[in-house]
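Visitor: Hello! Could you show me a protein and walk me through it, one question at a time?

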Amino acid sequence: MKYLIFGVIGIVFLASCATDDTTYEVGSDFIENNIQVRVIDTFSIKAGTFKLDSLITSGTNRILVGNVVDEKLGSISAKSYLQLITSSFSISTDAVYDSIGMVLNYDNYYYGDTTKVQTYTLHRIKETVAPADDATSFYNTSSLAFDPAILGQLSFTPRPNKSTDSLFVKMDDVLGEDIFNKIVDNDINNTDDFLQYFKGLVIAPDTSVNSHVLGFNVQTTASTVGNSSMRLYYSIKDDDSEDNDYYIDFVISSATQQFNEIKTNLSNTIVGEFEDGEEIKLSTSTDNLLFAQGGSGITARIEMPSIKRLAELYENASTLSAELTFNPLKRTYNDDNPLPESLLVYVVDHKNRIIQQLTDIDGNTASAILVEDTYEFNEDTHYRVNLSGFVEQILNSETDLNYALMIQYPNYSKEVNNLVIENNASTNKEIKLSVKYLNY
């Protein structure tokens, strides 16, 4: 009888599941029964990479600026657009203009080589800061027209780990004096007046250098500690106080009025450019690798088409547990591009449309959890995903759902780190699904 069972399993999983499964009989020492716990871990996996059409990058409270060139994913660059306002439109007629500049406070996020010099330039936005058409948000693909003339420029080596540190980009005094005089003369005395005159600011990196992408804190309240803002300095004539330095801070008008445009160039990479969001680059055509990258929309996709065949084994069966494991490619992560403790996992359909966030069999959100096992002669760093809920969903559906999993960074709308996943049988680093189920 046992040989017959193994024969059935072999036929059913000929194309997708091997016969090398483990069987545990339940209670055989006490009563005669047909209840068994089975473990199958040789499912076929169809893995690849796709690119989301767009990501919302407004409302993140993070300015992202910089440029990085990656060996496998080409270049990624980020520039930031800001609409700025102030709550103070009163300057004494005894005041004297001093200077104007952009204060950028680090929020501790960085990606790339922070020992390299980068150059930022500031430009004046020429159109109203509003999403295109009927959209309510800005995306990584959004952009606004801006004046190529440089309002300010700074070349620097960053210190992003110092949250108390900041950059100051000196800006054109012609602009500063004009804003100052218009406020003093009461030509600008409210937000609408100011936005008619100055629609916003673009912070752009030098894209000719391979350096880093930095994050800067940006809030809507001027008094927020560590906030980034455009700052206008002035002094008061005949002021005898020790500190005769006054200033007005121009902060973002709302979190939705600041966004990051993020561009990639994949033309000379093993992945290549994507025609649309439905195209999938299978790992078999990308050196047995798949990729996820925040900010760009590049996303890892894992499909397990043979799960449905589990239902063909026994009429009465129930999933006890299911776990997916995958390995990040060695030497693609380091202090400048660390592995996150967890990754987001979504369920997507055959057109890569997001259906829902992955949940376990109890309905709890399930993430990919980092496991770092270091042995004396071998390092086994991998991610584990609880797929119990997903497997049950597939088995209990009356139709072929044709679903897959999407793997992404936790903050993929406001960071640009990348993850390289290996799916290679020759190195024993394949993506694997292990299912333990009870048949009776």
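## A walk through the model

Guide: Let's start with one small detail. With a relative accessibility of 5%, Asn352 counts as buried. Please keep in mind that this is a predicted model.

Visitor: Where does Asn352 lie?

Guide: Asn352 has a positive phi of about 65 degrees, although it is not a glycine. As for its place in the chain, Asn352 sits in the loop between S20 and strand S21 (354-357).

Visitor: Does Asn61 count as buried, partly exposed or exposed, and why?

Guide: Asn61 is a residue other than glycine with a positive phi, near 60 degrees. Its place is the loop between strand S3 (46-51) and strand S4 (62-70). Buried means under 20% relative accessible area and exposed means over 50%. Asn61 has 26% relative accessibility, so it counts as partly exposed.

Visitor: How many helices and how many strands does the protein chain have?

Guide: The chain has 440 residues, of which 51% count as buried. Among its contacts between residues at least 6 apart in sequence, 79% join residues at least 24 apart. As for the elements, the protein chain has four helices and 26 strands.

Visitor: What average pLDDT does the protein chain have?

Guide: Some stretches score low: over residues 1-20 the pLDDT is below 50, and over residues 24-31 it is below 50 too. Where pLDDT is low, the predicted coordinates should not be read in detail. Across the chain, 89% of the residues score at least 70. The average pLDDT is 89.

Visitor: Which strand gives the most to the largest nonpolar core?

Guide: That core has 48 residues, and Leu324, Phe326, Leu387 and Phe390 touch the most other members. Six of the core's residues come from a single strand, the one that gives the most. That strand is S20 (residues 342-348).

Visitor: How many residues are in the other core, which lies apart from it?

Guide: Among the members of this other core are Val65, Phe194, Leu201 and Tyr234. The number of residues in it is 42.

Visitor: Is Leu405 buried or exposed, and what is its relative accessible area?

Guide: Leu405 is found in strand S24 (residues 404-408). Not counting residues up to four places away in sequence, Leu405 touches several others, including Ala300, Met304, Leu324, Val345 and Leu387. Buried means under 20% relative accessible area. Leu405 is therefore buried, with a relative accessible area of 0%.

Visitor: What is the C-alpha to C-alpha distance between Leu405 and Val345?

Guide: In sequence, Leu405 and Val345 are 60 residues apart. Still, Val345 is one of the residues that Leu405 touches. In space, their C-alpha atoms are 6.5 Å apart.

Visitor: Why is helix H4 described as largely enclosed, and how many of its residues are buried?

Guide: Helix H4 covers residues 388-396. Its buried residues include Phe390, Val391, Ile394 and Leu395. The helix is largely enclosed by the rest of the structure because the buried residues number seven of the nine.

Visitor: Which strand gives the most to the lining of the largest cavity?

Guide: A search of the whole structure finds one cavity of 30 Å³ or more, and the largest cavity has a volume of about 30 Å³. Among the residues lining it are Pro328, Tyr333, Asn418, Leu419 and Val420. Three lining residues come from the strand that gives the most, which is S25 (residues 418-422).

Technical notes
Residues are numbered from 1 along each chain as its sequence is written. This is a predicted model: local features need pLDDT of at least 70, side-chain atom pairs count only at pLDDT 80 or more; totals for chains, interfaces and linings use all residues. Side-chain values use heavy atoms; hydrogens and water are left out. A nonpolar core is a set of buried Ala, Val, Leu, Ile, Met, Phe, Trp, Tyr and Cys residues joined through side-chain atoms within 4.5 Å. Buried means under 20% relative accessible area, exposed over 50%, partly exposed in between (1.4 Å probe, protein chains only). Helices (H or I, at least four residues) and strands (E, at least two) are DSSP runs, numbered from the N terminus. Contact means heavy atoms within 4.5 Å. pLDDT is the predictor's confidence in each residue, from 0 to 100. On a 1 Å grid over the protein atoms alone, a cavity is a set of points where a 1.4 Å probe fits but cannot get out, and a pocket is an open set with protein on both sides within 12 Å along at least five of seven lines; lining residues have an atom within 4 Å of a point. Grid points are joined across faces, edges and corners, and a volume is the space filled by probe spheres set on the points.
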